[in-house]
Amino acid sequence: MRANPLGKFPVSAGILFGLGLGGFFDGIVLHQLLQWHHIVSSWYPPTTVENLRLNTLWDGIFHSVTYVFVVLALHRLWRVAHRGHVYWSGKLIWGTALFGWGIFNLVEGVINHHLLGIHHVNEVVSLVHRPYWDTGFLIWGAVMMIAGGWLWASGTRKHRAEAAGVRVVSAPIGGD
């Protein structure tokens, strides 16, 4: 990996971290705690032991992928952490993480809920109400991307101003 001479924040680490957090939230909260759905529960309803095993297997594969996102994020952060010229910013890490989580929601929501229909956000509600939950999931993802983009842009502006020698006074959003 080449040096980071401009003192840039490792954006890819934040986005990968957000993708992983989004997947973990979905898998832990929606799959396991609330038990609203599993990865392929619209195709194979977990009404038999065989279908539940199949869904559990695919949930495990899903969790493995989200785990890889977090490991890649940590690897990326580790690779640049020892360099004194990396710009560390709470706004940038949380902004890029929110952005990545929003990407997760939008991509997973569009592909799995709408295009493939392999599951819906909430499968314990009536069929009539499921599209509302799926749409809400997309809206939630878009809001996270907007909020993350705002924090990311704010952190980037602050970094550019500081690099230009301008003292920046800001509210403590994101730990900056």
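Here are some short exercises, with worked solutions, on the predicted model shown above.

**Exercise 1. Getting an overview**

Find how many helices and strands the chain has, and what share of its residues counts as buried.

*Solution.* Start with the elements: the chain has 4 helices and 0 strands. Read from the N terminus on, the order is α-α-α-α. Next, turn to burial: of the 176 residues, 41% count as buried. Then look at the outside, where the accessible surface comes to about 9,900 Å². Carbon and sulfur atoms account for 71% of that surface. Finally, consider contacts between residues at least 6 apart in sequence: 76% of them join residues at least 24 apart.

**Exercise 2. Checking the confidence**

Decide where in the chain pLDDT stays under 50.

*Solution.* Begin with the whole chain: its mean pLDDT is 89, and 89% of the residues reach 70 or more. Now go to the stretch in question, residues 1–6, over which pLDDT stays under 50. The model has 10 contacts beyond four places in sequence for these residues. A word of care belongs here: predicted coordinates should not be read in detail where pLDDT is low.

**Exercise 3. A residue in a loop**

Work out which elements flank the loop that holds Gln35, and whether Gln35 is buried or exposed.

*Solution.* First, place the residue: Gln35 sits in the loop between helix H1 (11–33) and helix H2 (49–81). Second, look at the backbone: Gln35 has a positive phi of about 55°, although it is not a glycine. Third, compare its relative accessible area of 55% with the cut-off: exposed means over 50%. Gln35 is therefore exposed.

**Exercise 4. Far in sequence, but how far in space?**

Find the C-alpha to C-alpha distance between Trp78 and Ala13, and classify Trp78 as buried or exposed.

*Solution.* Locate Trp78 first: it lies in helix H2. Then take the pair: Trp78 and Ala13 are 65 residues apart in sequence, and 9.5 Å apart in space, C-alpha to C-alpha. For the last step, use the relative accessible area of Trp78, which is 67%, so this residue is exposed.

**Exercise 5. Aromatic rings**

Classify the ring pair of Phe25 and Trp140, and then find which residues share their aromatic cluster.

*Solution.* The structure holds 8 aromatic pairs. In one of them, the rings of Phe25 and Trp140 have centres 5.4 Å apart and planes at 75°. Planes over 60 degrees apart count as edge-to-face, so this pair is edge-to-face. The pair links distant parts of the chain, with Phe25 in helix H1 and Trp140 in helix H4 (residues 130–163), 115 residues apart. Both partners count as partly exposed: Phe25 has 29% relative accessibility, and Trp140 has 32%.

Now follow Trp140 to another partner. Phe137 and Trp140 also form an edge-to-face pair, 5.9 Å centre to centre with 80° between the planes. These two are 3 residues apart in helix H4, so about one helical turn separates them. Phe137 is buried, because its relative accessible area is 4%. To finish, put the pieces together: Phe25, Trp101, Phe137 and Trp140 form one aromatic cluster.

**Exercise 6. A nonpolar patch**

Name the residues of the nonpolar surface patch that includes Ile111, and give their accessible area together.

*Solution.* List the members: Trp43, Tyr44, Val107, Val110, Ile111, Leu115 and Leu116. Together they have about 670 Å² of accessible area. Now zoom in on Ile111, which lies in helix H3 (residues 90–115). At 36% relative accessibility, Ile111 counts as partly exposed.

Methods:
Residues are numbered from 1 along each chain as its sequence is written. This is a predicted model: local features need pLDDT of at least 70, side-chain atom pairs count only at pLDDT 80 or more; totals for chains, interfaces and linings use all residues. Side-chain values use heavy atoms; hydrogens and water are left out. Buried means under 20% relative accessible area, exposed over 50%, partly exposed in between (1.4 Å probe, protein chains only). Contact means heavy atoms within 4.5 Å. Accessible areas come from the Shrake-Rupley method with a 1.4 Å probe; for residues, only the protein chains shown count as cover. pLDDT is the predictor's confidence in each residue, from 0 to 100. Rings of Phe, Tyr and Trp (its six-membered ring) pair if their centres lie within 6.5 Å; planes under 30 degrees apart count as stacked, over 60 as edge-to-face and the rest as tilted. Patches are made of residues with over 30% relative accessible area and no salt bridge: like charges are joined within 9 Å, nonpolar side chains (Val, Leu, Ile, Met, Phe, Trp, Tyr) within 5 Å. A salt bridge is a side-chain nitrogen of Lys or Arg within 4 Å of a carboxyl oxygen of Asp or Glu.
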